[in-house]
Amino acid sequence: MRILVIEDDVKTGDYLRKGLSESGYAVDLARTGTDGLHMALQQDYDLLILDVMLPGLDGWSLMAELRRTRDVPVIFLTARDHVDDRIRGLRLGADDYLVKPFSFVELLLRVRTLLRRGVAREGGELQLADLRLDPLRRRVSRQGQDIALTNQEFRLLQLLLQRQGEVLSRTVIASEVWDMNFDSDTNVVDVAIKRLRAKMDVPYEQKLIHTVRGIGYRLAEQP
C-alpha cells in the first residue's frame with residue numbers, strides 16, 4: 001500500500017513518513033500543495049493524508065482539483081476544529097478528518113480502516129433493475145454503460161443497494177458511509193445523494209433513488 005502525505009510542517013511531515021513507513025506502508029511526502037497535487041496525479045496512491053493550510057495550493061483547492069480525475073481515499077489534517085471546515089472537506093470528497101494535535105495511533109487506525117473498508121464491505125455483485133455494482137472490480141453500470149463514481153459515491157450506492165427497499169435515514173447513511181454523526185442542520189447527505197443521482201439516475205428513464213420526505217432515501221424500482 002502506498003500513501004502520499006502532503007504536509008508543509010517539516011516536523012509533522014517527517015513524523016508521519018517515519019511512523020507510517022515503520023507500520024509497513026510505502027510513503028511519499030510532499031511539502032507544498034502544488035507538489036502534492038502533481039504527485040497525486042502522476043502516481044496511483046492507495047491513500048492521501050492532506051493538510052489544509054499549505055503553501056502554493058491549499059488543501060481545499062487541491063481536493064477540488066484531485067476529485068476531477070481521482071477517487072483515492074483522503075484524510076484531512078488540520079488545526080481548524082470548526083464544524084463548517086469539516087463539512088466543507090467532506091463535501092469536497094474527503095473520507096475522514098483529523099484535528100491537530102492528533103494521536104498517531106488514532107491516525108493509524110483511521111488509515112487502516114479506510115484501506116480495509118472496500119474489502120471489508122465487499123461481497124458478490126449487487127443489482128437492481130438495470131443497475132449493476134461489482135465490489136471487487138469497483139465497477140458500476142446501467143444498461144451496460146459504465147458510470148464513474150468517487151469513493152464516497154460508490155460506498156453510498158453500495159449501502160443503498162445492500163439495503164434496497166429500506167428507507168434509510170440521513171443519520172444512518174452518514175454513519176455508514178462516513179463513519180461519523182452529523183448534525184441534522186447539515187446537508188452533506190443530501191448533497192451526496194444529489195451528485196449520485198446526477199450520475200446514475202438522472203440520465204435514465206427509470207429512477208431508482210427515491211426521497212422519503214422527512215425521513216431519508218430509498219433505492220427501489222418503484223417509489
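A residue counts as buried when its relative accessible area is under 20%. Keep that in mind as you look around this predicted model.

**Stop 1: the whole protein.** Select everything and colour it by burial. Of the 223 residues, 47% count as buried. Now switch to the surface view: the protein exposes about 11200 Å², and carbon and sulfur atoms supply 47% of that area.

**Stop 2: overall dimensions.** Show just the C-alpha atoms. Taken along the principal axes, they fill a box of roughly 55 × 35 × 30 Å. The radius of gyration is 18 Å, which agrees with a compact globule, because one with 223 residues would have a value near 17 Å.

**Stop 3: the cartoon.** Go to the ribbon view and you can hunt for eight helices and 12 strands. Turn on contacts too, keeping those with a separation of 6 or more: residues 24 or more positions apart account for 58% of them.

**Stop 4: two helices that cross.** Select residues 170–178, which form helix α7, and then residues 188–200, which form helix α8. Their axes come within 9 Å and cross at roughly 75°. That makes α7 roughly perpendicular to α8, because angles from 65 to 115 degrees fall in that class.

**Stop 5: where they touch.** Which residues of α7 meet α8? Show side chains for R170, I173, A174 and W178 on the α7 side. Their partners in α8 are V188, V189, D190 and A192. Colour this contact by residue type and you get six nonpolar residues, two charged ones and no polar ones.

Key:
Residues are numbered from 1 along each chain as its sequence is written. This is a predicted model: local features need pLDDT of at least 70, side-chain atom pairs count only at pLDDT 80 or more; totals for chains, interfaces and linings use all residues. Side-chain values use heavy atoms; hydrogens and water are left out. Axes are lines fitted to C-alpha atoms, for helices over the stretch in contact, and angles run from 0 to 180 degrees between N-to-C directions. Helices (H or I, at least four residues) and strands (E, at least two) are DSSP runs, numbered from the N terminus. Angles under 35 degrees count as roughly parallel, over 145 as roughly antiparallel, 65 to 115 as roughly perpendicular and the rest as oblique. Contact means heavy atoms within 4.5 Å. Ala, Val, Leu, Ile, Met, Phe, Trp, Tyr, Cys and Pro count as nonpolar, Asp, Glu, Lys and Arg as charged, and the others, Gly among them, as polar. The radius of gyration is taken over C-alpha atoms; the globule rule is 2.2 Å times the number of residues to the power 0.38. Buried means under 20% relative accessible area, exposed over 50%, partly exposed in between (1.4 Å probe, protein chains only). Accessible areas come from the Shrake-Rupley method with a 1.4 Å probe; for residues, only the protein chains shown count as cover.
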